[in-house]
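User: I have a model open and would like to go through it with you. Could we start with a single residue and its surroundings?

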Amino acid sequence: MGTIQRLDKILANMGFGSRKEVKKLIKSGAVQIDGNITTDAESKVDPEKQAIKVNGTLINYRKYVYLIMNKPQGVITATEDSRSSTVLDLIDEEYLCFDISPVGRLDKNTEGLLILTNDGEMNHSLTSPKKGVDKVYYAEVSGRVNSKDIKLFKRGITLKDGYKALPADLEIIEESDISKIKVTVREGKYHQVRRMFEAVSKKVIFLKRLSMGSLELDEDLEPGEYRELTEREIEELKSLC
Ligand code: URA
């Protein structure tokens, strides 16, 4: 698919203002395409091939943005909700204008790594059960998690609704009344990790996603903070898709 789009749409997506503001900007003669001033907001432009200047400055066009967030507890993984705050409420307008959405879901009370992007193909691949991308979680679990659980998880736990989960790798960090574990799952069913532990009569009381495929949670990000992925991180994730 080509990248030819209306000039006002490109500039609005790049954060130069609302469609109305951008139209005004174009009308004022501030925008040049390949060195020629254009005042037509509906001009068709290929931003990947043509040079767009706003007030003399060349804009660095990009189609996709990729963010990594340390999702805090208490916000839901959705693009909008009438009652609760969503992860998008934490994102600046400079990125929201790209129409990003979360890659997969974390429960309201789960924290940790969440990718947000407008790259639909990457979003689909990273969450598709066919691709089986590893997702690693750290959890604190009420009840003693033991070697029997490791074997059950390895074989594929049958959840209470009868669904047989794909084999998962369970690592016990500390076996006690509140056990500390790491679990690697390759699918993302609703409440997956919580329901896997329920199936062995235990309760997850804390859950944090540590990684997704090649991407690890950046421990410098406080809960609620995010940053853009580096070129290298993007390439590594793409190689999984
Ligand atoms: N599994 C869960 O139960 N919850 C999450 O948020 C993610 C995985």
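User: Which residues does Met69 touch, leaving out those up to four places away in sequence?

Analyst: This is a predicted model. In it, Met69 touches Val87, Leu90, Ile91, Gly112, Leu113, Leu114, Leu116, Leu217, Leu221, Glu225 and Tyr226, with residues up to four places away in sequence not counted.

User: And where is Met69 placed?

Analyst: Met69 belongs to strand 7, which covers residues 66-71.

User: Is Met69 buried or exposed, and why?

Analyst: Met69 counts as buried because its relative accessible area is 0%, and buried means under 20%.

User: How far is Met69 from Leu170 in space?

Analyst: The C-alpha atoms of Met69 and Leu170 are 25 Å apart, and the two residues are separated by 101 residues in sequence.

User: Let us step back. Which domains does the assignment give?

Analyst: It gives domain 1 (5-58), domain 2 (66-129 + 215-238) and domain 3 (135-212). Domain 2 is therefore made up of two segments of the chain, 66-129 and 215-238.

User: How far apart are the centres of domain 1 and domain 2?

Analyst: Their C-alpha centres lie 29 Å apart.

User: What about the overall dimensions?

Analyst: Along the principal axes, the C-alpha atoms fill a box of roughly 70 × 35 × 35 Å. The radius of gyration is 22 Å, whereas a compact globule of 241 residues would have one near 18 Å.

User: How many helices and strands are there?

Analyst: The protein has 7 helices and 15 strands.

User: Now to the end of helix 7. What does Lys238 touch?

Analyst: Lys238 lies in helix 7, residues 231-238. Its contacts, not counting residues up to four places away in sequence, are Tyr66, Asp119 and Met122. The C-alpha atoms of Lys238 and Leu126 are separated by 9.0 Å, although these residues are 112 residues apart along the chain.

User: Why does Lys238 count as partly exposed?

Analyst: Lys238 has a relative accessible area of 37%, and partly exposed covers the range between the 20% and 50% limits, so Lys238 falls in that class.

User: A change of topic: backbone angles. What is notable about phi of Asp34?

Analyst: Phi of Asp34 is near 45 degrees, which is a positive value in a residue other than glycine. Asp34 sits in the loop between strand 2 (31-33) and strand 3 (36-37). With a relative accessibility of 43%, Asp34 counts as partly exposed.

User: Which residues does Asp34 touch?

Analyst: Apart from residues up to four places away in sequence, Asp34 touches Gln50 and Ala51. By contrast, Asp34 and Ser211 are 43 Å apart, C-alpha to C-alpha, with their positions 177 residues apart in sequence.

User: What about phi of His191?

Analyst: His191 is not a glycine, yet its phi is positive, at about 50 degrees. His191 is located in the loop between strand 12 (178-185) and helix 6 (192-198). At 26% relative accessibility, His191 also counts as partly exposed.

User: There is another loop just before strand 12. Where does Asp177 lie, and what is it in contact with?

Analyst: Asp177 lies in the loop between strand 11 (169-174) and strand 12. Leaving aside neighbours within four places in sequence, Asp177 is in contact with Val141, Ser142, Gly143 and Arg144. For Ser142, the C-alpha separation from Asp177 is 6.1 Å, with the two residues 35 apart along the chain.

User: Is Asp177 buried or exposed?

Analyst: Asp177 counts as exposed because its relative accessibility is 56%, and the class requires over 50%.

User: Finally, what share of the whole protein is buried, and how much surface does it expose?

Analyst: Of the 241 residues, 46% count as buried. The protein exposes about 13100 Å², and carbon and sulfur atoms supply 46% of that area.

User: And the charges?

Analyst: There are 39 positive and 40 negative charges, and their mean positions are 6 Å apart.

Terms used: Residues are numbered from 1 along each chain as its sequence is written. This is a predicted model: local features need pLDDT of at least 70, side-chain atom pairs count only at pLDDT 80 or more; totals for chains, interfaces and linings use all residues. Side-chain values use heavy atoms; hydrogens and water are left out. Helices (H or I, at least four residues) and strands (E, at least two) are DSSP runs, numbered from the N terminus. The radius of gyration is taken over C-alpha atoms; the globule rule is 2.2 Å times the number of residues to the power 0.38. Buried means under 20% relative accessible area, exposed over 50%, partly exposed in between (1.4 Å probe, protein chains only). Accessible areas come from the Shrake-Rupley method with a 1.4 Å probe; for residues, only the protein chains shown count as cover. Lys and Arg count as positive and Asp and Glu as negative; His and the chain ends are not counted. The place of a charge is taken as NZ of Lys, CZ of Arg, CG of Asp or CD of Glu. Contact means heavy atoms within 4.5 Å.
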